Structure formats: structure tokens, C-alpha cells
Amino acid sequence: MATYKSEFLNTLAERGYIHQCSDLEGLDAKAAAGPITAYIGFDATGSSLHVGHLISIMMLRVAQQTGHRPITLMGGGTTKIGDPSGKDEARKLLTNEQIDENILGIRRAFDRFLSYGDSPTGAVMANNAEWLDELKYIPLLREVGRHFTVNRMLTFDSVKLRLEREQPLTFLEFNYMILQAYDFVELHKRTGCVLQMGGSDQWGNIVNGIELGRRMIDAQLFALTTPLLTTASGAKMGKTAAGAVWLNADLLSPYDYWQFWRNTADADVERFLKLFTEMPLPEIARLAALGGQELNEAKKILATETTALMHGRAAAEEAAETARSTFEEGRLAASLPTIEVPAAELSAGIGLLSAVVRAGLAASNGEVRRHIQGGAVRINDVVVSDDRTTLNDASLAAGGVIKISVGKKKHVLVKPV
């Protein structure tokens, strides 16, 4: 493995973050010479980021911990357009109020990983609406648009794939790559930012920014991307059958977050320990060498360390203990995810199918029936074989709750209120 002069690139390389760089030698020299400023952009399309964004946040964390200044650039402006990368159709346009609300939600995750402030390495929260909303159309075309050729823009995957699939690409979305490139130039002028990082699917957009910076202001800028993150099964990181694995606790409980990492495939354990925890590399190598049932201990450590970074050590240890008491001792753990139902509704009786769907353990009644047929559904740890089963006051276990389980790892408590 290459050895770099800068601790920043050494750390990124050792832990598997680097996929492509526009000029590794030049960036290494600059990072070794003193603090640099680096940014990653995040559009505010939802109220929370998900696990698929975590590798980007970790890169910014590494930058800060190795003496550099990270910028989290919120796309308050670009969210109004929508990034066409990897999309077959245009995103739903959000109002300014929705975008602002989403930014507040996303900031909560950043605060767990980065330290914001006025110090030389203090993270900066920027919003491209500050400059994009103020742009005048004709001056933008004259100053920025002349550096882009339609011929080249048509070669970018974000455009080409949409056209090949004969899916509409609006002129609004077509402008996204120009504005993202302009963001890099604007951040350089405002903060001295010289590095944009992101996923490998953003390579073309980031290189656009480097070229625009050179042409407009004769700036030397750099691009650094991470590998496209997929699980050993080939699935996109952060997506599960149940939906996105959200970072914010109001959308996904710390326990469910812990369980997501606990269910990591054997082949992914070492890679995920390097990317998503800050454990020493020799300890990761020791855990990765474990086999069979022992590897499950490595998965529990992965789950606890990742959850501690996102939700705090106390929440991580509570999730680990909940899992231990639930799975190893078979006890009903009070800290399991809980849904509340009106006491009168439970007294009248709630059908098992609708209860399982309502608890978020299945997507439809048909899916619940299939789980029942496979012997995977349990009420208070007793297997249910009849899909006409009804939950009522008689179903309440000790503690005044009903424990619904689907498979070995999905449990929810139903609590009457």
C-alpha cells in the first residue's frame, strides 16, 4: 500500500476510503504542508441522511481528526433542482420551507461526527442557497455556462443513462452539474476550499468543478472519491427490504440501527470495521480472522461501535444488552422498539395480520401470511400458526405488553395506552 506524507491520506488509504483522486501527489503535498479545507455536498431531499451517506461523513471526520477543516455543504439551492445521477425520473420539487426543515434534521447527524466552530479545524456548515439563489440567469450563462459544452455534458452517466432509457431529463436537471461545479469555485473563493470528496458516482461532477476553477479563477483544486459501497451480496449500502437505514433516531431506533450492523454478512465485517469504526487496525485484523460462531462476536462489536458513534455509547450498550437478553436469554426486554395502541382498540381485538404490519415487521398482510406459514411469527415467544389469530387483553404478557416477533431478529412490543 502506498505511504503518503500526510496523515490524512495515509488514514484514508489504510482504511479503504480512496477510489480515485485527481492528483494524489499534489493533494498529499498540500495536506502535509498544513491544514486544507475539504467539502462534501448533501442535498436536503429528506429529513435524515441514511447509512449510504455514512462513508462521506466518516471521510469528513477523518479530515478533521487529522488536522484539516471539513465543510458540510447543504444543497439548499441544488435541492430545488434535483441531482439526476442514478435517477430514472425527476425528483419531486420541495418548497423552501421543506428544504430548510430537512437541513435542520440532517444537521443532527453531522453534530454526532463533527465538531463545528471557529478553530482552524472547526467544521463549517454551508448552504449553497446563499449564492445560487442570488445568481442572475444571463450573467451566469456568460460567466459559467461558456465553460461547458453540451457535447461533453451529454457524455456524463447521469445524462446518458436517462436518455438511453428514454426517460425524460428536464432542462432544470440538466443544469445541476453546472451548479455543482460552481459550488466548488464559490467555496474556494469564500473559504479557500481545495478538495471536494464524494462517492465514485460523483467523479464527473467533481472534475467539472476542478476544471471550472482552473478556467474561471486559475485555482488548483482536487477531487477524491470513495468506492461505490455495496454489500457482499451486491446490494446498495443503506437499503434493506424494510427500507432505508436512517441515521436519525426518530426515524430508526438505536436498537434497530444496532441490529442492522449486527446482521452484516461475514464477508463485509473487516471492511465495515475499517470504514465505519475507529478501532485500531491490528484489532480489526484480529476480529476479521475469527471464524464460525466467533465471527458473531466481531459483528456485535461492529454494531456497538457504529451505534456509539451515531447515538452515543450509552444507547449502543443498551441496544447490545437488549439484543443479548432477547436472543440469548429469551427475556422480554423493555427497551425493544415499542408501538402504542389505544387500550380500547386492544380490548376489542386487533387482527394479527394488521398488528404485524402496523408494527413495521412486514409490508403487507400477504407477507405476514407467508411468515406464518413458515413458522416465523411468534407472540410472546410462542409460534403462531393461524393467520386469523387476534390480539386482545388476554395476549398481554408480564409488564403489560405484547411481544411480536418475525424471525429471530425482528421484535416489537405492543403497549396499550
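The following paragraphs lead through the sheets, helices and nonpolar cores of this structure. The model is a predicted one.

A convenient starting point is the sheet of six strands. This sheet is open, its pairing is mixed, and its strands follow the order β1-β6-β5-β2-β3-β4. The edge positions belong to β1 (20-21) and β4 (124-127); each has a single partner strand, so one side of each lacks a neighbour in the sheet. Helix α11 (residues 203-217) packs on this sheet, where it touches β1, β5 (195-199) and β6 (222-226). The direction of α11 makes about 170° with that of β6. At the β4 edge, strand β3 (residues 69-74) runs parallel to β4, and four bridges join the two. One of the pairings places Met 74 opposite Asn 127, its bridge partner in β4.

A further open sheet is built from five strands in the order β9-β15-β14-β11-β12, again with mixed pairing. Its edge strands, β9 (338-341) and β12 (382-383), each pair on one side only. Strand β15 can be followed through two of its pairings. With β9 it runs parallel, the two being joined by four bridges, and Glu 340 has Lys 415 of β15 as its bridge partner. With β14 the sense is antiparallel: residues 402-406 of β14 and residues 410-416 of β15 pair over five bridges. Ser 405 is bridged to His 411 of β15, while Val 406 is bridged to Lys 410. Three residues lie between β14 and β15 in the hairpin that they form, and Gly 407 in the turn adopts a positive phi of about 75°.

Attention now turns to the helices. Helix α10 (residues 176-191) has 16 residues, which at 1.5 Å a residue should span 22 Å; the C-alpha atoms at its ends are 22 Å apart, so the expected and modelled spans agree. Is this helix enclosed or left open by the rest of the structure? Twelve of its 16 residues are buried, that is, under 20% relative accessible area, and α10 is therefore largely enclosed by the rest of the structure. The buried residues include Tyr 176, Phe 184 and Leu 187, and also Gln 180, Asp 183 and Glu 186. Just after α10, Gly 192 takes a positive phi of about 80°.

Helices α4 (residues 96-113) and α15 (residues 294-311) form a crossing pair: their axes come within 7 Å and cross at roughly 115°. Ala 109, Arg 112 and Phe 113 of α4 make this contact with Ala 308, Leu 309, Met 310 and His 311 of α15. By character, the contact residues divide into five nonpolar, one polar and one charged.

The nonpolar cores complete the picture. In soluble globular proteins, nonpolar side chains tend to be buried together. Here the largest nonpolar core holds 67 residues, and Phe 8, Leu 195, Met 197, Leu 247, Tyr 257, Trp 261 and Phe 276 have the most contacts inside it. Helix α3 (residues 54-65) supplies the largest share of this core, eight residues. A second core, separate from this one, has 31 residues, among them Ile 71, Val 144, Phe 148 and Cys 193.

Tyr 257 illustrates how distant parts of the sequence meet. Beyond its neighbours within four places in sequence, Tyr 257 is in contact with residues including Val 51, Leu 54, Val 245, Leu 252 and Thr 306. Met 310 and His 311 are also among the contacts of Tyr 257, and both take part in the contact of α15 with α4.

Terms used: Residues are numbered from 1 along each chain as its sequence is written. This is a predicted model: local features need pLDDT of at least 70, side-chain atom pairs count only at pLDDT 80 or more; totals for chains, interfaces and linings use all residues. Side-chain values use heavy atoms; hydrogens and water are left out. A nonpolar core is a set of buried Ala, Val, Leu, Ile, Met, Phe, Trp, Tyr and Cys residues joined through side-chain atoms within 4.5 Å. Buried means under 20% relative accessible area, exposed over 50%, partly exposed in between (1.4 Å probe, protein chains only). Contact means heavy atoms within 4.5 Å. The expected span of a helix is 1.5 Å times one less than its number of residues. Axes are lines fitted to C-alpha atoms, for helices over the stretch in contact, and angles run from 0 to 180 degrees between N-to-C directions. Ala, Val, Leu, Ile, Met, Phe, Trp, Tyr, Cys and Pro count as nonpolar, Asp, Glu, Lys and Arg as charged, and the others, Gly among them, as polar. Two strands pair if DSSP finds at least two bridges between them.
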